[in-house]
Amino acid sequence: MTFQATTFQGWLLIAAFVGILLALTKPMGLWLHALYEGRRTPLHTVLGPVERGFYKLSGIDPHEDQSWHRYAVHMLSFNFGLALLTYGLLRVQQWLPLNGLHYGAIGPDGAFNTAISFDTNTNWQWYSGEAAMSNLSQMLALTIHNFLSAATGIALAFALFRGFARAQAKGIGNFWADMTRVTLYLLLPLCVIYTLYLIACGVPQTLATSVDVFTLEGARQVLVLGPVASQEAIKMLGTNGGGFFNANSAHPFENPTAVTNFVQMLSIFWIGFGLTWCFGKAVGNVRQGWAILAAMLALFLIGAGVVYWQEALGNPVLHHLGVAGGNMEGKEVRFGIVASALFAAITTAASCGAVNAMHDSFTALGGLIPLFNIQLGEVVVGGVGAGIYGFLLFAILAVFVAGLMVGRTPEYVGKKIESREVKLAVLAIAVLPLIILSMTALASVLPAGLAGPLNKGPHGFSEILYAFTSAVGNNGSAFAGLTAGTPFYNGMLGVAMWLGRYFVIIPMLAIAGSLAAKKHTPESAGSFPTTGLLWTGLLVGIVLIVGGLTFLPSLALGPVADHLMMIHGQLF
Amino acid sequence: MIHDFASSLRPSLVMTGLFAALLGIGYPLAMTGVGQVLFPSQANGSLVVDHGKVVGSTVIGQAFTSDRYFQTRPSAAGKGYDGTASSGSNLGPASKALSDRVQAQVAAMRKAQPGKPIPADLVTTSASGLDPDITPQAAYYQVDRIAKLRGLKPEALRALVASSVETPTLGFIGENHVNVFELNRRLDAMAAKTPA
């Protein structure tokens, strides 16, 4: 390594990050498990009346045990209504209060895209927040989705856990109770504390819209302000990722210091880590949860290591011009190489999509990993709820493959996995590559699609591929050079986000219903053990082969070709 | 299925309204109220007021292009440090536009100060276009130029930079960096005290 490469301090940051999260996994898991079981928490004293009041006004019986299709229909109906609300608010924001900078209505294609984007926990943003959204839109049209799409994801994970945990049951829980409890007793209290912390560190929280600055050099600079901290907190905890500002968590008002950055990284993963523990507890063996987390961590650390290594190595094109060191294009000085690389690996593993550096300007292979993380299906920790239910689909495939190898009926955590479950799991998993690759192919030949990329050559293709990958994977990060605010991309990506969310959820809930109805099969000497190293290795293998392999040709056309051009100094 | 849908209408409608009021109005407004009371400076953008005028934010970078100041990094936010248009360049690693931009800047820097190694952050755009910081190397790189133009001692300026360096928390969270706005405020104060 001729140039500045990775440092001990850098690896220490990654190790400390993982270590702290592992220490926080069980506390979060315990809390989630209490909500999963509907137990009373200390917070019920204050918020219990709110919960009961909400049920009463809406005519909800929280004890009603819903069948999987009733659970699904109620979840869809609620989320569809929320998306309509957002669409409506964005279309008329010019007539509503808290619009000090007089932003006009968001156009129909843009509002369609944004409503779906926030509803599906994607938070893909074709617009620039500080130049398009009024403070009311940020709060009422967008922040509520950050809570409720996250709560929906966790509720859905609970439903699947019940499928494994229950025996000969008709129902998989109550959507309203799951969603409301997660919002009131987990997300909201954490966000209140988190918001105050962020404000104390320099994140604005005001209803003012902007302030005029007369700089030391005598120029005028307009700084956009707003209720940033309250949105920032749930943006990270709920793995939403939709920034108040265009530059997202790179913007100093969203993420002012290296310490807030560290806390933001922890908060992306925290609930996802806790859910693996909660799953183990729910199925009666916490080692089942740790085994899943081990497989996720293995995949994550490989990715994070590669991004850090590549970004620290830097860009040979710039080295050739006499600029030594790591790749600082599109990165903030206060974060430097390692915290930018780590953030990129986390946000794409977790379906968050917040960014503290511009992935588009990463080195070719440093940018390949974020893309590949999403293509694996957002199951490497994944979005809150969505990560674990996605990963359990892979676990079903893994026991199926293991069963084929040894010639036994596959079982997983006390449930026989039969043809129905395997078919549904394959259906849910196949949706991803099918939509990503077909839509990318379409956009790569149509003039409206080719008008998008900023960069030329293979990197331009990567920008298109990343957009559809991010949309279908419900991530929301971007190779942001792509001009996505056009009717073509708003429409295509809107549909992509919707399919990527619900065409995984519906088969997953069907599996939950089917599993819940089954008898419990006690573990026997012939059962394939689903804890331990062999199982973890098998899970990693299945995720890489089933999830990743389909994308290799597209990666060869994009980032790999880009890398070969970059190291040979072939510019575009 | 139809029955499931019909039974979802009232809860969906009412819950949307209730949660919108709680999470979309109540929560941000309450946080604004508490934040304004507890942390009024930070909640309003960490602004610095001088003689009744807002001269900057300690959090946000501003453009310094004059040779008499420590200069900030190149910026892709609007025409540079535009607070209404945060953005990176989004140029890819093998982009000719990136290479040309860096090459031109390196050439200018080499001409002004031959033989000095180029700090990477001074020739690359940040992710936000509003990066408030530069590396200590980038600050030291500019000392001789500023000392000459302002008639200050280079050693005094180097000491000013050294005392402005912020180090990583606990030794590993963050990078050594210098806030350019605050450094330049100290530079102005120092120059005002030193007879030219």
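**Close-up views of chains A and B**

**View 1. Three strands of chain B form an open sheet in the order E3-E5-E4, with antiparallel pairing.** This is a predicted model, so please read each view as such. At the edges of the sheet sit E3 and strand E4 (165-166) of chain B, each pairing on one side only. E4(B) joins strand E5 (residues 177-179) of chain B through two bridges in the antiparallel sense. If you would like a residue to start from, look for Val165(B), whose bridge partner in E5(B) is Val178(B). Helix H7(B) packs on this sheet, where H7(B) touches E3 and E5 of chain B, and its direction makes about 60° with that of E5(B).

**View 2. Chains A and B meet in a contact that takes 100 residues from chain A and 92 residues from chain B.** Several elements of chain B each supply at least two residues to the side that touches chain A, among them helix H3 (96-112), strand E3 (133-134) and helix H7 (180-193). H1(B) gives the most to that side, with 25 residues. Sorted by class, the side of chain B that touches chain A has 46 nonpolar, 37 polar and nine charged residues.

**View 3. Chain B is divided into domain 1 (2-41) and domain 2 (46-193).** Their C-alpha centres lie 42 Å apart.

**View 4. Helix H16 (residues 458-472) of chain A is mostly covered, with 15 of its 15 residues buried.** From first C-alpha to last, H16(A) reaches 21 Å, close to the 21 Å expected at 1.5 Å a residue. Follow the chain just past H16(A) and you will meet Asn474(A), which takes a positive phi of about 55°.

Technical notes
Residues are numbered from 1 along each chain as its sequence is written. Chains are lettered from A and ligands numbered from 1 in the order in which they are written. This is a predicted model: local features need pLDDT of at least 70, side-chain atom pairs count only at pLDDT 80 or more; totals for chains, interfaces and linings use all residues. Two residues are in contact if their C-beta atoms, placed from the backbone, lie within 7 Å. Helices (H or I, at least four residues) and strands (E, at least two) are DSSP runs, numbered from the N terminus. Ala, Val, Leu, Ile, Met, Phe, Trp, Tyr, Cys and Pro count as nonpolar, Asp, Glu, Lys and Arg as charged, and the others, Gly among them, as polar. Domain bounds come from an automatic or database domain assignment. The expected span of a helix is 1.5 Å times one less than its number of residues. A residue is buried if 20 or more other C-beta atoms lie within 10 Å of its own, exposed if 12 or fewer, and partly exposed in between; C-beta atoms are placed from the backbone. Two strands pair if DSSP finds at least two bridges between them. Axes are lines fitted to C-alpha atoms, for helices over the stretch in contact, and angles run from 0 to 180 degrees between N-to-C directions.
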